[in-house]
Amino acid sequence: MTVRAAIFDVGKVLYDWSPRFLYRRLIDDDQALDAFLRDVLTLEWHFQHDAGRPFAETSAELIARFPEHETLILAWRDRYLESIGDPVPGVHAVVADLDAAGVPLFVISNFSGEFWPPFRAAEAALFDRFRGFVISGDERLIKPDPAIYTLALDRFGLAADEAFFVDDNPANIEGAAAMGIIARLFTDAATLRRDLVSVGLLDG
């Protein structure tokens, strides 16, 4: 079959993302910041939200372990959008060109179901170009679980070999490719554009 749709990851493909973006505004000592992100608000802790656990549960557990950091932990709920950085250079222009060419656009993202709606609303200018979304926290499925790709293909009405998927995580690319999806690891916008040309979704 011919590739006819593009599926994007969000974090570090469409937008830069790091807990450091938020907490460097709240902790002005570099060593204290590094320690907080290493020992308290870790990526492993945050990824529970991507898997569907509610912040009320995860934060209560973390505050019980680190009561002295309660205010900083609760800032993750109140100011989460500040952990999302600038658009990744050049990628939004690629999305615009795909949309202008009539290519159906979709998202599969490991993202909290609680934090996704305000982010989606804040970035409507970009996300309104997309026709469908699979958000891990809503589905309680997380990349690279094969089930999340199966769900996405069914929801988007695509056969695996009709879909081009871009993600910054090699494990997620391997998982998608194992399902028969045309999957490419994201490095930069120029490489992404060349990949899209190579599968016929953009003109060279």
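Me: Which strand and which helix each supply at least two residues of the lining of the largest pocket?
Reply: The model is predicted: local features need pLDDT of at least 70, side-chain atom pairs count only at pLDDT 80 or more, and totals for chains, interfaces and linings use all residues. Residues are numbered from 1 along each chain as its sequence is written, and side-chain values use heavy atoms, without hydrogens or water. A pocket is an open set of points on a 1 Å grid over the protein atoms alone, where a 1.4 Å probe fits, with protein on both sides within 12 Å along at least five of seven lines; lining residues have an atom within 4 Å of a point. With helices (H or I, at least four residues) and strands (E, at least two) taken as DSSP runs numbered from the N terminus, the two elements are strand S2 (15-17) and helix H3 (43-50).

Me: How many residues does H3, which gives the most, add to this lining?
Reply: The lining divides into 11 nonpolar, six polar and seven charged residues; Asp, Glu, Lys and Arg count as charged, Ala, Val, Leu, Ile, Met, Phe, Trp, Tyr, Cys and Pro as nonpolar, and the others as polar. The contribution of H3 to the lining is four residues.

Me: Which residues that line the largest pocket are closest to its centre?
Reply: The volume of this pocket, meaning the space filled by probe spheres set on the grid points, which are joined across faces, edges and corners, is about 460 Å³. Of its 24 lining residues, those closest to the centre are Gly11, Trp17, Phe47, Asp50 and Asn110.

Me: Why is the pair of Tyr80 and Phe111 classed as it is?
Reply: Rings of Phe, Tyr and Trp (its six-membered ring) pair if their centres lie within 6.5 Å; planes under 30 degrees apart are stacked, over 60 edge-to-face and the rest tilted. The centres of Tyr80 and Phe111 are 6.0 Å apart and the planes stand at 80°, so the class is edge-to-face.

Me: How many residues apart are Trp116 and Phe127?
Reply: These rings, with centres 5.1 Å apart and planes at 65°, are also edge-to-face. The pair links Trp116 in helix H7 with Phe127 in helix H8 (residues 124-127), and their separation is 11 residues.

Me: Is Trp116 buried or exposed?
Reply: Buried means under 20% relative accessible area, exposed over 50%, and partly exposed in between (1.4 Å probe, protein chains only). The relative accessibility of Trp116 is 7%, so the residue counts as buried.
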